[in-house]
Amino acid sequence: MSNTVLAQLFESIADIQEILQEDTFRIKANRKVARIIADSVEDFAILHEYGQLEDIAGIGPATAMRIREYFQTGTISEYQQLLGQIPEGLLPMLKINGLGTKTVSKLWREIKVENLNDLLAAARDGRLEKVSGFGRNKAANIAANIEFRLETEDRIPLGRAIVMLEALKAQIWSSGLIDRIYAVGSLRRCCETVGDIDLLAVTADSSVMFEFISGMPGVTEFIIVGPNRVKFNWKSDNIRRKPCEVEIFTCTPDNEFGVLAFLTPGSSQRQLLCESAEKKKLIFNESGLFKNEKQIKCSSEAAVYKKLGLQYILPTLQDDTAAQKLAQAKKLPVVVQLSDIRGDLHMHTPFSDGRSSIEELVEAGISMGYEYICITDHSRSSIIANGLSVDRLLKAIEKIKVLNANYKNIEILAGSEVDILSDGTLDYEDEVLAQLDYAAASIHNGMEGSREKNTTRIMKAMDNPYIKCICHPTGRYIRYRRPMDLDMPMIFKHAVETDTALEVSSQPFRLDLSAEHVRQAVDIGVKLIINTDSHDAASFNLMALGVAVAQKGYASKADVINTMPWKKLKKWLEKSN
């Protein structure tokens, strides 16, 4: 669906209007349109095709005209006109944590900041701290956030890479020329950021497929063209993203798993595989596995590893040199699998900032084969996320209880993602928390505090007997926001002492805890909960990413709370600290 890009376009129109200090009503109207499009289950491309745009509530004639213009020309003239009125470097500044449209507008007008380099210079030479609303500490934080952003500027966050991957796969699959298609390289290994997008297509005719690719939308410069490989620049359907490199390898079904096993690992593991092959007088390369130039057909990647005398290493562990040594000794531990997950304990509904109804989330949980899910809308201090007042929370609890009584094949828990306030107290009183089946706590504001303050906030929340989990503990947002300054060993220790779980968020821009922190946590006995933090039913599929992070940290099934069957989880929830 093109809804995501179209919604982003209207959001960008509103951003530029706000930077230009245009009429507030028009700004709000464009943000409303963006929200309507983003939340819609209807594909606006199809609505446009059948002349049904104005059938959607909130889409009037003027808006419909702009949407039609987008589908006819690929852009909206109003957006292009607005873009010409501001320096091109202003919009990227909105990606920096702590900067909104009003602040960017102010900095542009008052100290002539036009891009990230200008802003970094202003932060370093003292001009920024003299702007009203700033100060030395805030200027220092802005500088650190810009440096963090620039360090990874050429990398694609996993979340965006997955969206681009799915778009590419859909285009290639539409050719009807392939049997299967896989992500390979760093994307398949679920690295937090990737440099490019690598794919393996199983096809009987590479040349015809490559000819099809040359005519695909977004394909620009070709870098490499070979008999079984093509590399090119591709511009995704995204108004803010520069072209990225895509490399597509091909193979026939006969050598599918040998090629897949060769293309997935990082360089150090590929070297191990090649050396293992050499010891057995075999040849292993991008064409597969061979003996005396005769191809060895394997039924799976694990079969390839077995032929090489190695224990199979999951893609998520294929960057880990320790895993390679364990595989040689055939002592790799069994890590948690997606099939081990029995439920999801973090999701949002339209009661706060979610887009799918409780019923839709329940049906999604059933389709995943889950035994339980928990609705955890935001608490009252999360104003930007439409957090629930106590009265609204109690109404939500009542609705969940009624629904739970009507569903026999899944347990629906009433929960909350409760804000940890600046002093470490919680956003709801204990008498309110006592009415929930499950309460988790998160920091959403004031992340720039000192290590001592941030650590104390989290530990104080853990001390509350109703809090069972700390969500996205470090608060990082990959490429856009650094993690909070925290004493993680102290937090891990306190989590064990209070029997508080720590979340591994499956949201691809969070992946928080990180794999490194997962490993440290499980080493001392911290329990984890892998959640999706879903804001719509489709996001339930993100669970695989959280599992991938847990695997990278060597978490086992026993380390993860939501691998428990319902009866065992119920006992854990009822246990007081």
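**Close-up views, figure by figure**

**Figure 1. A salt bridge inside helix 24.** Glu574 has a relative accessible area of 55%, so this residue is exposed (buried is under 20%, exposed over 50% and partly exposed in between, using a 1.4 Å probe and protein chains only). This is a predicted model, so local features need pLDDT of at least 70 and side-chain atom pairs count only at pLDDT 80 or more, while totals for chains, interfaces and linings use all residues. Residues are numbered from 1 along each chain as its sequence is written, and side-chain values use heavy atoms, with hydrogens and water left out. The partner of Glu574 here is Lys570, and their side chains meet in a salt bridge at 2.8 Å, N to O (a side-chain nitrogen of Lys or Arg within 4 Å of a carboxyl oxygen of Asp or Glu). Lys570 is partly exposed, since its relative accessible area is 37%. Both residues belong to helix 24 (residues 566-574), where they sit 4 residues apart, about one turn of the helix. Helices (H or I, at least four residues) and strands (E, at least two) are DSSP runs counted from the N terminus.

**Figure 2. Arg355 and Asp536 paired across the chain.** Look for a salt bridge between Arg355 and Asp536, whose closest N and O atoms are 2.9 Å apart. This pair ties together distant parts of the chain, 181 residues apart. Arg355 is in the loop between strand 11 and helix 17 (358-367), and Asp536 is in the loop between strand 17 (528-531) and helix 23 (543-552). Arg355 counts as partly exposed because its relative accessibility is 33%, whereas Asp536, at 17%, counts as buried.

**Figure 3. Strand 6 meets strand 7 through Lys231 and Glu245.** Another salt bridge joins Lys231 to Glu245, with 3.3 Å between the closest N and O atoms. Lys231 comes from strand 6 (residues 229-234) and Glu245 from strand 7 (residues 244-251), with their positions 14 residues apart along the chain. With 16% relative accessible area, Lys231 is buried, and Glu245 is partly exposed at 31%. A search of the whole structure turns up 26 salt bridges. Elsewhere, Glu11, Asp15, Glu18 and Arg31 are wired together in a salt-bridge network.

**Figure 4. The loop with a cis peptide bond.** Asp512 and Leu513 are joined by a cis peptide bond, with omega at about 15°. Leu513 belongs to the loop between strand 16 and helix 22. Arg510 is in the loop between strand 16 (501-505) and helix 22 (515-523), and at 12% relative accessibility this arginine counts as buried. For scale, the C-alpha atoms of Arg510 and Ile373 are 21 Å apart, with the two residues 137 apart along the chain.

**Figure 5. Positive phi at Cys190 and Asn292.** Cys190 isn't a glycine, yet its phi is positive, about 60°. You'll find Cys190 in the loop between helix 11 (185-188) and strand 3 (193-194), and its 16% relative accessibility makes it buried. Asn292 isn't a glycine either, and its phi is about 50°. Asn292 falls in the loop between strand 9 (288-291) and strand 10 (294-295), and its relative accessible area of 68% makes it exposed.

**Figure 6. The whole protein, for context.** Zooming out, there are 24 helices and 17 strands. The C-alpha atoms fill a box of roughly 70 × 60 × 55 Å along the principal axes. Of the 577 residues, 54% are buried.
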